[in-house]
Amino acid sequence: MMNARALITAAGFFFGLLAWPGKAGADFKIWTPDVNVGELAIENVGDVGFDPNASKSGEQSYTAEVEYGLTSWWQTELELEFNRAPGPGQATDFSQITSENLFQFTERGEYWLDAGFFAEYGQVLRKGNPNETTLGPVLRKDIWGTSNSVNLFLEKDLGPNASGRPVFLYAWETRVDAWVMRFGRRFAVEPGLQIYGQPGPLGRFAKWSEQDERAGPQLYGKIFNIGPGTLEWNGGVLFGLTPAVPRTTVRWQAEYEIHL
C-alpha cells in the first residue's frame, strides 16, 4: 500500500495549493478509495438538468475518460469534458482536458475508515478562461450492511485569469449492500442515495438559497463477463434542494473495466 513518504507528499501538495484562488463547477460522480493495479477502464459520466424555468433548464455535462491502475495505490485518468450552460439557445462545447489521479492509502476494512486522496488538474480550451484544480480526501465506512463514501474537495482556478477563493465541494453516497440483488452469475443490482453540495468559497459560504445542493435515489449495477471485462454502472435522479439549481437532474455513470 501507499508508503508514508508518498502520503506526506500528496498532503503537502494539497495544502500548498490552498493559496490559489478558484471557482466550482458541477461534477456528479462519487469517488471511492479503491485502486486496482493493471485495470484499464473506459468511462462515461453525464447529467442533464430540467426545470419549469427555461433559464435554469437544459444544463448538461458529459465526459469521456480512460483510466489505468498504475500501481496498487495510484490510478490515473485522462478525461475529455463537454458542457452546456442552462437556458435556451446554448451550445454544447468541448470545454476541458483533465488529468485525474486517485491515491489509495488503506486497504478496505484495514482500519476503522478507508482513506484515499484525489487530485485533478483541468486545462481549459477556451481562451481567457482559467484552468482548474480539485483536491481533497476520499473516505469510506462500511457499517450495518451499507457502504458510505464521502468526498471533501477544494476547487480553485489557476493562472492569470483566476479569481475568487478556493471553493468547498462535498459529495456523499450510501449504497445498501445488504439489499444487493443477484441474477445468476451475470448481473448484480443494489439501491442507494447520493448528495452533492457546493456551499461556496471558503470562509464566505453563500446563503442556502444560493448554494448548489442536490440529492436523490440511485441504482447501482454490474454486468459480468461482457467480452474480457465487466460493465459497472449507476444512475438516478437528483432533486434540487435550493432555488439556485434545476428542479431535477438526471445523472449517470458507466464504466467498462478490463483487468490486464
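**Stop 1: the nonpolar patch**

Start by selecting strand 3 (74–84) and strand 4 (92–104): each supplies at least two residues of the nonpolar patch. Strands here are DSSP runs of E with at least two residues, helices are runs of H or I with at least four, and both are numbered from the N terminus. This is a predicted model, where local features need pLDDT of at least 70, side-chain atom pairs count only at pLDDT 80 or more, and totals for chains, interfaces and linings use all residues. Residues are numbered from 1 along each chain as its sequence is written, and side-chain values use heavy atoms, with hydrogens and water left out.

Now select Leu78, Leu80, Phe94, Ile97 and Leu125. Together they make a nonpolar surface patch of about 400 Å². Such a patch joins nonpolar side chains (Val, Leu, Ile, Met, Phe, Trp, Tyr) within 5 Å, from residues with over 30% relative accessible area and no salt bridge. Accessible areas come from the Shrake-Rupley method with a 1.4 Å probe, and for residues only the protein chains shown count as cover.

Click on Ile97. It sits in strand 4. Why is Ile97 called partly exposed? Its relative accessibility is 32%, and the label covers values between buried (under 20%) and exposed (over 50%).

**Stop 2: the whole chain**

Zoom out and colour by secondary structure. You should find 1 helix and 13 strands. Follow the sequence from its start: the α element comes at the beginning of the pattern, and β elements follow it. The chain has 260 residues, and 46% of them count as buried. Its exposed area is about 13,000 Å², with carbon and sulfur atoms supplying 63%.

Next, think about contacts, meaning heavy atoms within 4.5 Å. Take those in the chain with a separation of 6 or more: 58% of them join residues 24 or more positions apart.

**Stop 3: a buried glutamine**

Select Gln60. Look for it in strand 2 (residues 60–69). Gln60 has a relative accessible area of 18%, so it is buried. Which residues does Gln60 contact, leaving aside its neighbours within four places in sequence? Show Asp47, Val48, Phe82, Asn83, Arg84 and Thr92 to see them.

**Stop 4: salt bridges**

A salt bridge puts a side-chain nitrogen of Lys or Arg within 4 Å of a carboxyl oxygen of Asp or Glu. How many salt bridges does the structure hold? There are 11.

Select Lys29 and Glu43. Their side chains form a salt bridge at 2.8 Å, N to O. Lys29 is in the loop between helix 1 (4–16) and strand 1, while Glu43 is in strand 1, so the pair ties together parts 14 residues apart in sequence. Lys29 is buried at 7% relative accessibility. Glu43 is buried too, at 3%.

Keep Lys29 and add Glu77. This pair also meets in a salt bridge, at 3.7 Å, N to O. Glu77 belongs to strand 3, so its link to the Lys29 loop ties together parts 48 residues apart in sequence. Glu77 is buried, with a relative accessible area of 3%.

Add Glu65 as well. Lys29, Glu43, Glu65 and Glu77 are linked in a network of salt bridges.

Move on to Asp93 and Arg126. The closest N and O atoms of their salt bridge are 2.4 Å apart. Asp93 is in strand 4 and Arg126 in the loop between strand 5 (114–124) and strand 6, 33 residues apart. Asp93 is partly exposed at 29%. Arg126 is partly exposed as well, at 49%.

**Stop 5: a pocket**

Find the second largest pocket, with a volume of about 870 Å³. Of its 37 lining residues, Thr32, Asp34, Arg175, Lys222 and Glu232 are the closest to its centre. On a 1 Å grid over the protein atoms alone, a pocket is an open set of points where a 1.4 Å probe fits, with protein on both sides within 12 Å along at least five of seven lines; lining residues have an atom within 4 Å of a point. Points are joined across faces, edges and corners, and the volume is the space filled by probe spheres set on them.

Colour the strands around it. Those supplying at least two lining residues each include strand 1 (39–50), strand 8 (167–176) and strand 12 (229–240).

**Stop 6: two positive phi angles**

Select Trp144. Its phi is near 50°, a positive value in a residue other than glycine. Trp144 lies in the loop between strand 6 (131–143) and strand 7. It is exposed, at 81% relative accessibility.

Finish at Asn225, in strand 11. Its phi is near 60°, again a positive value in a residue other than glycine. Asn225 is exposed, at 56%.

Key
Buried < 20%, exposed > 50% of the residue type's maximum accessible area, 1.4 Å probe, protein only. Patch = residues over 30% accessible without salt bridge, like charges linked within 9 Å, V, L, I, M, F, W, Y side chains within 5 Å.
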